[in-house]
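Got the viewer open? Let's walk through some charged pairs, one selection at a time.

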Amino acid sequence: MQFISSDDLTKTQILNLFKRAQYFKNNTHKKQSILKDKTIGLLFFEDSTRTRVSFEMAAIKLGASVVFVSPSGSSISKGESEIDTARVLECNKVDAIVVRTRNEAVPKMISDITKLPVLNAGEGCIDHPSQGLLDAFTLYEEFKGKLKGITVAIVGDVKHSRVAHSNAAILSKLDVNVRFVGPVQFLPKTKPFNVISMHKKLEEGIKDCNAVMCLRIQKERLENDEDLPNLDKYFQEFGLDHKRLESSKNTAKIMHPMPMNREVEVASKLADDPKKSLIFDQMKNGLFVRMAMYEQLLKQSKKPRTKKILKKGKKQQ
């Protein structure tokens with residue numbers, strides 16, 4: 001089982017992962033040796049806090065060793081290609097590679113060239129399977145496994161967000177109604193992954209929603225500075241606080257994949273409200289979902305034991 005594209009995952013695979021993530025969460029203090037004698041190569045061409053830490057901790061929790069490579073302090077800073085860097089890990093006998101990159105198609109290329117199991121930890125603007133899975137798992141827990149028919153609004157810079165695309169792909173497979181909400185320059189031209197609607201006004205987009213996921217403005221991915229809105233005005237129109245959340249259901253929850261720009265995408269009081277916010281639940285669940293992903297990625301069938309049969313009267317050579 002590979003984790004290169006969110007679109008490749010089936011509903012059955014997603015739900016099975018949730019079961020294993022729940023197992024790891026319920027047995028958090030139990031020592032696991034599922035990946036004993038395995039080495040995971042973390043190949044991060046982009047900066048990261050939550051994704052890197054949880055992938056590293058997930059490997060350690062399962063008994064694996066970890067090798068971390070980033071542009072700083074490696075030959076990447078000298079111009080070495082992403083593929084050649086991945087070959088370094090391959091030649092040093094890692095058992096799997098976790099890759100995070102701003103360039104599209106790199107995870108698939110690494111998988112094809114090295115023949116190693118590869119886990120996509122974020123790829124350009126198009127995909128981030130583990131984030132989509134942990135967000136969906138957080139909702140799965142919150143709604144007691146009953147996701148069919150709930151509505152989730154994803155608000156902000158949808159166009160440049162790999163998180164938005166992964167969530168839309170995965171949640172749609174779980175029969176969740178997904179809406180995209182944001183300024184016109186931050187919305188895709190077409191509705192992907194069975195997204196049911198797109199909205200240019202916040203109150204309209206989050207009306208009667210069960211959960212609202214805020215996204216940060218992807219400044220590093222904007223092609224022109226003119227696409228960057230005035231942040232004060234952006235918060236007035238698309239930032240979420242307790243009052244604006246009232247447009248959703250009374251029980252609606254707030255989410256954010258992080259990093260979060262407080263008072264731009266979401267008010268601090270709402271982000272820190274334990275009754276309304278799932279933000280830090282998402283962060284905690286990242287560990288358990290990524291443990292389940294590692295287990296599936298490196299799962300090997302046990303070879304049947306064979307007995308050596310000796311003919312009667314003959315000595316073993």
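Start by selecting Asp241 and Arg244: they form a salt bridge, with the closest N and O atoms 3.6 Å apart. The term means a side-chain nitrogen of Lys or Arg within 4 Å of a carboxyl oxygen of Asp or Glu. Turn on a surface here and check both partners: Asp241 is buried at 19% relative accessible area, and Arg244 is buried too, at 16%. For these labels, buried is under 20% relative accessible area, exposed is over 50%, and partly exposed is in between (1.4 Å probe, protein chains only).

A quick note before moving on: this is a predicted model, so local features need pLDDT of at least 70 and side-chain atom pairs count only at pLDDT 80 or more, while totals for chains, interfaces and linings use all residues. Residues are numbered from 1 along each chain as its sequence is written, and side-chain values use heavy atoms, with hydrogens and water left out.

Next, pick Glu141 and Lys25, whose side chains meet in a salt bridge at 2.7 Å, N to O. This pair ties together distant parts of the chain, 116 residues apart: Glu141 sits in helix H5 (residues 129-142) and Lys25 in helix H1 (residues 11-26). Helices here are DSSP runs (H or I, at least four residues), numbered from the N terminus. Glu141 is partly exposed at 23% relative accessibility, and so is Lys25, at 27%.

Now jump to Arg87 and Glu90, another salt bridge, at 2.6 Å from N to O. Both are in helix H3 (residues 82-91), three residues apart, so about one helical turn separates them. Arg87 is partly exposed at 36%.

Want to keep going? A search of the whole structure finds ten salt bridges.

Technical notes:
Helix = DSSP H or I, 4+ residues; strand = E, 2+ residues; numbered from the N terminus.
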